[in-house]
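Q: Could you take me through the charged side chains of chain A, with a close look at where they sit and what they pair with?

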Amino acid sequence: MKSRQIVLRKAFQYQSLLESYAYALLKDWSLSEDAVQEAFIAVSEKWSELDESSLLPWLKTVTKRRSIDLIRKRKRIVQREDLMELVDSHFQNFMDDSFLDMQRKYKASLQKCISSLRPDAIQAITGFYIDKKSTESLGQKMNRSANSIRILLMRSRQALRKCILRSSEASS
Amino acid sequence: MNEDLFDKYLNDSLSDQEAEELKTLLEDPKVGEEFVKYTFETKLIADMAQRQATIPKKKRVPKKKKHFSKPVFFFLAAAAAVLFFLNTLPQVTIQNKGDFHKEGGSVLSSLRQSSEIFEGDKLTALRDTELSLPDGTVLVFRDGAEVTFQSLGEATHLVLNEGNVHFKVQPQKHDFIISLPDFDIEVVGTEFLVEVNSGFSSVEMIEGEVLIKKEAESFPLSETDVLVQRHGGMHLVGPRENLSYYKWSAWSEMMKESQDTLIYLDMDENFHTHNKSMKAKLISGKYSSGRVKGKKSLENGVIEIRDSAKVDLGDEYTVFAWVNFSESIYYSPIITKGDSALRLQLDDSKIHIGYGENESRSFFTANKLMEPMKWHFVAATVNARSAKLFINGHKVGEEPVKNPILNNTKRIMVGASSGIPSRTFVGRIGEVGLLKKAYSESQISELFELSNFSK
């Protein structure tokens, strides 16, 4: 039997995907979380009209609409609307249940691999991707050049990818 | 090469030429797919790195067994027997670690260790403490939590009136119901946290399953589910980490709607007061990660609010802020209105309040050191009688006030002093509030509890 909680539970499975999608449009973590939370509130109101197959496309549409509302509300100037549309079209194409499945596996491996990173790599990742600090200001804070921060970020991601690959090979 | 452009796009720092270059690249579906994957990867890595950097690992502390001395046991058993004959209401013997206030009918008493409770008794925890029911069910109370034991016969019915209780319920043969203001929880045997606070209730599952019942609706909650009830609506908020977002929103909305609020600034929405015509302006600094995942704080920054009749302080006020200072320096302003009428600041890791104008000007510093790089809730209240300072809901200083004149025509500044602009706060400032009443000590403690999501 379909109930609001079942539909919501299914919707929450897409949370991480939707937040990444909203982030690609808004380029702001907290706004992207707001957009997705608003989409979930819409699900809790309209759950009876939704079925499992239409849930993800519907969530994508609502998340996009909420993201655009937030851009307007915050008076953010989208300098390249054409670029945003192009980004959006790629997300519409690739974001589906099989992608979700792949992401889940990736996430499980990442959980193990992230602890192998050095503290300075963690600091650079949170500073650059969460706090949106420039490589220059991170360099200043960490007593390094901006270029070495860029290299640290790139190498950390490469190391994580290698670790994830090893972990998936080992499990298969 | 592509990744560098992807990063710049996601960090909003593409030049026109780079944007054009990225657009050309994204015309290729393969690059499009690479970009989508890269964005997802960025989100996951950033989330996990943040968790790795900030969240300490939780340790489960094994519960110590409670032993009672024989004399205490016999005394309590005798007392229980007397009570049994005096009172025909259903009752149970509980073992508690002390410091509950008991209100049962006309009886008021302070319980110690093993005690009798009767149907209708209401217990309020006077500190973080716990009690066990005869079947081994444990209720861990946070300070201030209040539970009424509605029914104690075969079926157990408890009402959580207020606060935060962690339930570890043993498998039950009969009904075990916990009522919250808007719904009931039917328990078979499981572990979960329940919270009731000012228009906000939540059930956070740890193990097993419970059944939520609201009027005709009934549905199960199982491990890792979190349910939130607020503003008349019930939301399943999914994984546990979402809960702080909802708690933060409930707290933020409450401060915005309060009639006492002169100013409430949350660094996400930039600025709010119930008078929307007031404007705040970011003068310097920037927003960075806040106390709650997804929410922001002001880092090494200054916000200005122009003076107007709407921010007149009257003859009393409360001011509070969540702060995380990175350097212990003398004169580190948190929120100020000029250099006198209102000046909440840190002085060498100690909280300091300045108040009054002209001859009535005064100030004092609490003699308690605060730890850098940690979030603290700091507050001050000033009225015609006294000025008080608080850290994390506890009073840390008080001084008498003579002839207070609390108002002036200076602008309000967050993170700086309009009197001496070169002095600024070093670190992060979260939510800031200015209320038109001097709150009582218990109200300050409640403000801290409501806005503290780390518990």
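A: Here is a walk through the charged residues of chain A, beginning with the chain itself. Please keep in mind that this is a predicted model.

Chain A has nine helices and zero strands, so each charged residue below can be placed either in a helix or in a loop between helices. Of its 172 residues, 52% count as buried.

Let's begin with the salt bridges. Side chains of opposite charge can pair when their charged atoms come close. Over all chains, the count comes to 27 salt bridges. One of them is formed by A:Asp28 and B:Lys296, whose closest N and O atoms are 3.0 Å apart. This pair joins two chains, because A:Asp28 lies in the loop between α2 (15-26) and α3 (29-46) of chain A, while B:Lys296 belongs to strand β20 (residues 296-305) of chain B. A:Asp28 has a relative accessible area of 11% and is therefore buried, as the cut-off for buried is under 20%. Its partner B:Lys296, at 27% relative accessibility, counts as partly exposed.

Now for a pair within chain A. A:Asp120 forms a salt bridge with A:Arg144, and here the closest N and O atoms are 2.6 Å apart. The two residues link distant parts of the chain: A:Asp120 is in helix α7 (residues 119-130), A:Arg144 is in the loop between α8 (135-141) and α9 (146-171), and they are 24 residues apart. A:Asp120 counts as buried at 17% relative accessibility, whereas A:Arg144 is partly exposed with a relative accessible area of 31%.

Helix α9 brings us back to chain B. The side chains of A:Arg161 and B:Glu41 meet in a salt bridge of 2.8 Å, N to O. Since A:Arg161 lies in helix α9 of chain A and B:Glu41 in helix α3 (residues 29-54) of chain B, this pair joins two chains. A:Arg161 counts as partly exposed at 27% relative accessibility, and B:Glu41 counts as buried at 8%. The pair also belongs to a network: salt bridges that share partners join A:Arg157, A:Arg161, B:Glu3 and B:Glu41.

Next come charges on the surface. A:Asp51, A:Glu52, A:Asp96 and A:Asp97 form a negative surface patch. Within this patch, A:Asp96 is placed in the loop between α5 (81-94) and α6 (97-113) of chain A. With a relative accessible area of 32%, A:Asp96 is partly exposed; patch residues need over 30% relative accessible area and no salt bridge.

The helix before that loop, α5 of chain A, deserves a look too. Its 14 residues reach 20 Å from the first C-alpha to the last, close to the 20 Å expected at 1.5 Å a residue. Buried residues in α5 include A:Leu83, A:Met84, A:Leu86, A:Val87, A:Phe91 and A:Phe94. The charged residue A:Asp88 is buried in α5 as well.

Finally, let's turn to the backbone of one more charged residue. A:Lys132 has a positive phi of about 55 degrees although it is not a glycine. A:Lys132 is found in the loop between α7 and α8 of chain A, where it is partly exposed with a relative accessible area of 25%. Chain B offers another such case in B:Asp348, whose phi is positive at about 45 degrees although it is not a glycine. B:Asp348 lies in the loop between β23 (342-347) and β24 (350-355) of chain B and counts as partly exposed at 40% relative accessibility.

Note on methods. Residues are numbered from 1 along each chain as its sequence is written. Chains are lettered from A and ligands numbered from 1 in the order in which they are written. This is a predicted model: local features need pLDDT of at least 70, side-chain atom pairs count only at pLDDT 80 or more; totals for chains, interfaces and linings use all residues. Side-chain values use heavy atoms; hydrogens and water are left out. Patches are made of residues with over 30% relative accessible area and no salt bridge: like charges are joined within 9 Å, nonpolar side chains (Val, Leu, Ile, Met, Phe, Trp, Tyr) within 5 Å. Accessible areas come from the Shrake-Rupley method with a 1.4 Å probe; for residues, only the protein chains shown count as cover. A salt bridge is a side-chain nitrogen of Lys or Arg within 4 Å of a carboxyl oxygen of Asp or Glu. The place of a charge is taken as NZ of Lys, CZ of Arg, CG of Asp or CD of Glu. Helices (H or I, at least four residues) and strands (E, at least two) are DSSP runs, numbered from the N terminus. Buried means under 20% relative accessible area, exposed over 50%, partly exposed in between (1.4 Å probe, protein chains only). The expected span of a helix is 1.5 Å times one less than its number of residues.
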